[in-house]
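Work through these exercises with the sequence and the 3D view side by side. Try each task before you read its solution.

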Amino acid sequence: MANQDDIFKNLVSHAKEYGFVFPSSEIYDGLSAVYDYAQYGVELKKNIRDYWWKSMVQFHENIVGIDAAIFMHPTTWKASGHIDAFNDPLIDNKDSKKRYRADVLVEDYLAKIEGKISKEVEKASKRFGEAFNEEQFRATNPRVLENQQKMDEVRKRFFTALEKGNLEEVRQVIIDCEIACPISGTRNWTEVRQFNLMFSTSMGSVSEDANTIYLRPETAQGIFVNYLNVQKTGRMKIPFGIAQTGKAFRNEIVARQFIFRMREFEQMEMQYFVRPGTEMEWYKYWKEARMKWHLSLGMPSSKYRFHDHDKLAHYANAAADIEFDFPFGFKELEGIHSRTDFDLTAHQNHSGKKLQYFDPELNESYVPYVVETSIGLDRMFLAVLSHAYHEEKLEDGSERVVLRIPPMLAPVKAAILPLVAKDGLPEKGREIMERLKCDYMCQYEEKDSIGRRYRRQDAIGTPYCITIDHQTTQDNTVTIRERDTMEQHRVAIDELHAIIGSRLKPIL
Ligand code: ATP
């Protein structure tokens, strides 16, 4: 049995070999943490984006979409706090010359101690069998208690230092914990420095006059600065939402794990404008609504969990992540944040323009509060792909790689496969293609044996293979093969459109 690491490696190669994701500018050896979506990847990505858009904009009468520019007036980022505070603490190992995020080094260290505790618990559970009381064991076992105390102390010391911007103390925690560089194995560390994650460039052709502008690190600000324009032109009444999908850029220090952490990525965000004082109600509403959206794709609920933040960003009064069980463990997939009136008030102060909403029901004006849902499209793509990827041994001893992508998201919905390329079968196939292609992405293939064609479709996650055989020319029926079970049923050509359509719906 291949382990998780191997499976993840195989998934990354599969994504390249079958035209989902390529490293950017690969002929020049790629660009770190930048990727291109290939012919099937772009379809999967578009389907995820479309479903998100539909569930936000089409399903909600009070949510509309916009598409703001990537470049924004530089003061935007002063107001939002990104110029001053969108930093990661970084540290270099002098021997390996590798750069790390100080918080990631400490988190990894803590995870190792956590692992030790889990092992103790596991061992004891085996020893005591059914009589084992985990809670009691954790509360009394000296080794567990000692490790737990160590973790609590380090965590407290480290995050207090970070919060206070005491970078010397941040470094001292790393030294005191004896954290070594995973590459060189040494503890020869530089000072810790703050590193701003925004990419900058200049606008204007004459460099002296050039203005520094930034590639947006989040799409949200394009919505904040436009909210009153949208409210007025769309005659929106609070509560209402504005949705947007688009590129965001962050100069991530540690870019690892394929498309999980990229320097150029795409976000799907929705900012919901509410009456002050009602934000907690809406925060709860959107937490639930977003989890429902994920589950409607048919991936099991055990793959998801909420992580409520104890430590809040400066703009938030409540925040939670929806985490997904990626091949490298549970990690953030989406954030739901109650952002108060922080951003709108900051923009009001920096621009000198009133950003208040007049509430006709209360007959008063106020700056609305905002609850946002923010999901990375590329991370969602990785969630879908990693859950879908299966290496299977079949009953006849052969093997197949199958992508069990939820049918509604699959790049190709149906493959149309004449059994042989003669006797009128290709003509029938083309006829079916014409009837389906307007509504569904289809692929017509007549080369190679039918078995090899099925394998190729399995490998790109096509849920339905429609096979045309000699019987088709007599009674206008075909077989429809299911990707996951490999079962085949005979159906009339006239029914195909409806059958496929009925299976491409979300599980609501
Ligand atoms: P992380 O802690 O993983 O860096 P974050 O908390 O900074 O993420 P947010 O600022 O809340 O992320 O961004 C919202 C969403 O955008 C995240 O939940 C994630 O899905 C996505 N995202 C953020 N940074 C990246 C990145 N570098 N690459 C891909 N997706 C990203």
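**Exercise 1. A proline in a loop**

Between which helix and which strand does the loop with Pro 239 lie?

Solution. Keep in mind that this is a predicted model.
- Step 1: Find helix H10, residues 227-233.
- Step 2: Find strand E9, residues 240-249.
- Step 3: Pro 239 lies in the loop between H10 and E9.
- Step 4: Look at the bond between Ile 238 and Pro 239. This peptide bond is cis, with omega at about 0 degrees.

**Exercise 2. Two positive phi angles**

Phe 258 and Asp 423 are to be compared. Where does each one lie, and is it buried, partly exposed or exposed?

Solution.
- Step 1: Start with Phe 258. It is found in the loop between E9 and E10. Its phi is positive, near 60 degrees, and it is not a glycine.
- Step 2: Check its cover. Buried means under 20% relative accessible area. Phe 258 has 9%, so it counts as buried.
- Step 3: Go on to Asp 423. It lies in the loop between strand E19 (414-418) and helix H14 (425-436). Asp 423 is not a glycine either, yet its phi is positive, about 60 degrees.
- Step 4: Check its cover too. Partly exposed runs from 20% to 50%. Asp 423 has 47% relative accessibility, so it counts as partly exposed.

**Exercise 3. The ligand and its shell**

Describe the residues around the ligand, and list its polar contacts with Phe 260, Arg 261 and Gln 267.

Solution.
- Step 1: Count the shell. There are 15 residues around the ligand. Glu 252, Arg 261, Met 262, Glu 332 and Leu 333 come nearest.
- Step 2: Sort the shell by class. It has 4 nonpolar, 5 polar and 6 charged residues.
- Step 3: Take the oxygen atoms of the ligand. One oxygen atom is 2.7 Å from a polar side-chain atom of Arg 261. An oxygen atom of the ligand also lies 3.3 Å from a side-chain N or O atom of Gln 267.
- Step 4: Take a nitrogen atom of the ligand. It is 3.4 Å from a polar backbone atom of Phe 260.
- Step 5: Work out the cover. Alone, the ligand exposes 600 Å², and the protein buries 83% of that.
- Step 6: Name the elements. Strand E10 (264-274), strand E13 (329-340) and strand E16 (369-376) each give two or more residues to the shell. The largest share, 5 residues, comes from E13.

**Exercise 4. A serine in a helix**

Is Ser 386 buried or exposed, and what does it touch?

Solution.
- Step 1: Locate Ser 386 in helix H13, residues 377-388.
- Step 2: Apply the cut-off of 20%. Ser 386 has a relative accessible area of 15%, so it is buried.
- Step 3: Find its polar partner. A polar side-chain atom of Ser 386 lies 3.3 Å from the backbone oxygen of Ala 383.
- Step 4: Leave out residues up to four places away in sequence. Ser 386 then touches Leu 11, Phe 324, Phe 326 and Pro 327.

**Exercise 5. Domains and helix H17**

List the domains, then find which elements the buried residues of H17 pack against.

Solution.
- Step 1: The domain assignment gives domain 1 (1-71 + 197-396), domain 2 (87-194) and domain 3 (412-503).
- Step 2: The centres of domain 2 and domain 3, taken over C-alpha atoms, are 54 Å apart.
- Step 3: In H17 (493-502), Ile 493, Leu 496, Ile 499, Ile 500 and Gly 501 are buried.
- Step 4: The buried residues of H17 pack against E19, H14, strand E21 (464-468), helix H16 (470-475), strand E22 (477-482) and strand E23 (488-492).

Notes
Residues are numbered from 1 along each chain as its sequence is written. This is a predicted model: local features need pLDDT of at least 70, side-chain atom pairs count only at pLDDT 80 or more; totals for chains, interfaces and linings use all residues. Side-chain values use heavy atoms; hydrogens and water are left out. A residue is near a molecule or strand if one of its heavy atoms lies within 4 Å of it. A polar contact is a pair of N or O atoms within 3.5 Å; within protein, one must be able to donate a hydrogen and the other to accept it, and residues adjacent in sequence count only if both atoms are side-chain atoms. Accessible areas come from the Shrake-Rupley method with a 1.4 Å probe; for residues, only the protein chains shown count as cover. Helices (H or I, at least four residues) and strands (E, at least two) are DSSP runs, numbered from the N terminus. Ala, Val, Leu, Ile, Met, Phe, Trp, Tyr, Cys and Pro count as nonpolar, Asp, Glu, Lys and Arg as charged, and the others, Gly among them, as polar. Domain bounds come from an automatic or database domain assignment. Buried means under 20% relative accessible area, exposed over 50%, partly exposed in between (1.4 Å probe, protein chains only). Contact means heavy atoms within 4.5 Å.
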